[in-house]
Amino acid sequence: MLLEVRNIARIRVPVRTYFLFGMIAAILTGAAIVYSSQTPAQGPQSGPNTQSPVPPPSASPQSGPPEAATSPFSAQPQRSGLNIVVLDPAHGGVDTGARGTGGIRESEIVLELALQVRRALELQGFQVVQTRQGNENPSFDDRSATANAQRGAVFVTLHISSTGLPGTARVYVNADLPPVADSNGLIPWERAQEPFLGLSRKFGDLVQGQLTQRFKGSPDGAQTASVRQLRTTAAPAIAVEISSVAVENRAELDRMGPGIADAIARGAAAFKPSYVVASTPGAAP
Amino acid sequence: MTARWKILLIGGLVIAVVAAAIYFPILRRRVKLAAKLQQQSEEQARRELAQPIAINPGDPRVKAKLFWASDALDSTLAPAVVELPLSNDPALRSKQVLNTLLAGPVDAELRTLPPDAVLLAFYLLPDGTGIADFSEALATSIPSGIASEQLAVDSIARTLEANVAQVQRVKILIHGQEVETLAGHLDLTGAFVVNTRPASLPSKPAPSAPTRAPGMLTPEKAPGKLAQPERKP
Ligand SMILES: [Zn+2]
């Protein structure tokens with residue numbers, strides 16, 4: 001009888017043990033599940049933040065970016081008339097822009113092209129400010145801010161297209177911006193280009209005319225497009241886009257460099273007499 | 001008894017730890033796979049929902065004007081007339097014409113939108129603003145550049161203008177989100193003007209063609225003569 005009880009007790013021990021094992025295993029498994037289920041969720045959070053910085057709500061003509069204080073031109077006596085060209089080699093850094101099948105990268109070519117355009121502009125007596133010197137990628141607003149801090153400047157952003165007839169070049173000016181409610185007389189940063197649209201069109205037509213003389217098949221006048229970079233730029237502003245990264249040999253694009261540079265410089269020189277510069281940087285004409 | 005319990009307890013713990021160590025990487029892989037599958041099935045569901053809308057044979061057949069790239073002029077659009085049964089409901093009609101635009105012309109070279117892009121949704125607000133929500137591919141597969149991006153947006157705006165009088169402007173979203181640019185150049189923060197004229201045609205939505213859940217478009221039901229979508233190399 002006693003033996004039987006013992007036997008029962010002996011039998012019960014493994015059952016309890018299994019229960020304990022089960023409990024411990026369950027706790028450990030639970031912890032593993034919690035840990036591993038958190039891991040994939042952390043992915044997007046730790047990924048690169050692709051959101052662009054929120055632009056300032058509005059910029060008065062007087063408000064300048066930090067670059068204004070360090071600009072080599074701010075210390076110089078203010079000259080009247082157009083004397084500065086802000087050159088923007090588009091893209092840069094992780095943003096390569098258009099890429100050709102032959103490995104041509106827009107961001108690299110426009111940086112080299114900017115040097116040629118710079119030299120041609122300097123020969124025409126312009127001072128040149130670049131939005132980037134190397135393989136950096138300033139935001140659209142940072143690039144616009146470089147231009148908006150200057151007095152008597154025009155803005156030229158340089159691009160290479162993915163499409164279009166190779167060996168041609170197109171000038172774009174910003175499309176009309178839809179009207180908005182009163183902004184207390186200040187130029188809203190988001191629509192800084194609006195007061196300059198007429199001047200941009202004139203500047204664009206002059207540069208396009210020069211380009212079309214050199215590159216047959218290019219359009220006769222500047223085109224309109226909703227170019228993000230131009231919208232926040234408070235100066236006569238154009239985009240010059242060259243066709244294209246689809247060329248088999250990048251030498252074809254390199255050969256266009258001197259002609260592009262000369263056309264932009266001559267276009268800017270021709271535009272100079274028609275630009276009455278406002279008293280403050282970025283102010284409406 | 002107590003010593004035995006201790007041994008059993010330690011033994012149990014050791015086994016549990018070993019078992020957990022073996023099971024942990026397997027579990028982690030399975031959880032990751034499950035998350036990926038869920039993501040894929042969500043995207044699949046969205047794509048299936050967004051498949052071209054079945055054409056209602058009861059809809060009146062009209063000569064729709066679709067704007068694809070011109071084969072004569074560089075970086076310009078040319079209208080192509082395609083006979084389609086189109087709904088009188090402006091939102092549904094917009095979806096039908098945009099899906100036809102996405103399907104592409106006979107000559108795939110004249111496409112303005114990437115072949116893998118999908119219209120996920122189209123809403124028409126009472127003020128005449130159309131909200132066109134496209135899949136990520138519209139931004140990632142389009143050739144980057146001012147000319148190509150402007151041509152894509154123009155083809156959307158002009159196709160809506162030619163076929164849906166009620167759409168006054170169009171706002172383009174990518175996967176439900178407002179984005180700064182289409183592919184690095186074209187400004188998508190605002191809406192594009194489609195039509196400055198007041199809406200006149202069609203006069204009222206036909207009661208026989210209510211907005212319904214989009215169905216699948218089989219090749220047999222594909223509107224007009226359309227090229228098969230092709231991926232660019
Ligand atoms: Zn570019």
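Let's start with Glu106(A), which is buried, with a relative accessible area of 0%. One thing to keep in mind as we go: this is a predicted model.

So what is Glu106(A) doing in there? Together with His91(A), His159(A) and His185(B), Glu106(A) coordinates the zinc ion, at 1.9 to 2.1 Å. The histidines do not all use one kind of atom: His91(A) and His185(B) offer NE2, while His159(A) offers ND1. How are the four donor atoms arranged around the zinc ion? They subtend angles of 96 to 146 degrees, and that is why the arrangement is irregular. To count as tetrahedral, all angles would have to lie between 85 and 135 degrees. If you like a reference value, the ideal angle for four tetrahedral donors is 109.5 degrees.

Now look at where two of those ligands come from. Glu106(A) sits in helix H3 of chain A, residues 106-123, whereas His185(B) is in the loop between E5 and strand E6 of chain B, so this pair crosses between chains. His185(B) is buried as well, at 2% relative accessible area.

That same loop of chain B gives us another residue to look at, His175(B). Phi of His175(B) is positive, near 50 degrees, even though the residue is not a glycine. Ser75(B) is another non-glycine with a positive phi, about 55 degrees, and you can find Ser75(B) in the loop between strands E1 and E2 of chain B. Is each of them buried or partly exposed? Ser75(B) counts as partly exposed at 22%, and His175(B) counts as partly exposed at 25%.

While we are on the backbone, please turn to chain A for a moment. The peptide bond from Ser243(A) to Ser244(A) is cis, with omega near -15 degrees. Ser244(A) belongs to the loop between strand E6 and helix H7 of chain A.

Next, salt bridges. Side chains of opposite charge can pair when their charged atoms come close. How many salt bridges are there over all chains? The search of the whole structure finds 16, and I'll show you a few.

In chain B, Lys171(B) and Glu178(B) meet with N and O 2.6 Å apart. Lys171(B) is buried at 10%, whereas Glu178(B) is partly exposed at 47%. Salt bridges with shared partners also make one network of Glu112(A), Arg250(A) and Asp254(A). Within that network, Arg250(A) and Asp254(A) are 3.1 Å apart, N to O.

My other example is Arg169(B) with Asp127(B), whose closest N and O atoms are 3.6 Å apart. This pair links distant parts of the chain, 42 residues apart: Arg169(B) is in strand E5, and Asp127(B) is in the loop between strands E3 and E4. Arg169(B) is partly exposed at 30%, and so is Asp127(B), at 46%.

Let's finish with two helices of chain B. Helix H2, residues 90-103, reaches 20 Å from its first C-alpha to its last, close to the 20 Å expected. H2(B) is mostly covered, with 13 of its 14 residues buried. Just after H2(B) comes Gly104(B), with a positive phi of about 95 degrees.

For helix H1, find Val14(B), which lies within residues 2-49. Val14(B) is partly exposed at 46%. Along with Ile10(B), Val18(B), Ile22(B), Tyr23(B) and Ile26(B), Val14(B) makes a nonpolar surface patch of about 520 Å². As a helpful reminder, residues three or four places apart in an α-helix point the same way, because there are 3.6 residues a turn. Thanks, everyone!

Technical notes
Residues are numbered from 1 along each chain as its sequence is written. Chains are lettered from A and ligands numbered from 1 in the order in which they are written. This is a predicted model: local features need pLDDT of at least 70, side-chain atom pairs count only at pLDDT 80 or more; totals for chains, interfaces and linings use all residues. Side-chain values use heavy atoms; hydrogens and water are left out. A salt bridge is a side-chain nitrogen of Lys or Arg within 4 Å of a carboxyl oxygen of Asp or Glu. Helices (H or I, at least four residues) and strands (E, at least two) are DSSP runs, numbered from the N terminus. Buried means under 20% relative accessible area, exposed over 50%, partly exposed in between (1.4 Å probe, protein chains only). The expected span of a helix is 1.5 Å times one less than its number of residues. Patches are made of residues with over 30% relative accessible area and no salt bridge: like charges are joined within 9 Å, nonpolar side chains (Val, Leu, Ile, Met, Phe, Trp, Tyr) within 5 Å. Accessible areas come from the Shrake-Rupley method with a 1.4 Å probe; for residues, only the protein chains shown count as cover. Donors are N, O and S atoms within 2.8 Å of the metal (3.2 Å for Na, K and Ca); water is not among the atoms, so sites may look incomplete. Four donors count as tetrahedral if all angles lie between 85 and 135 degrees; four count as square planar and six as octahedral if opposite donors are over 155 degrees apart and all others between 65 and 115; anything else is irregular.
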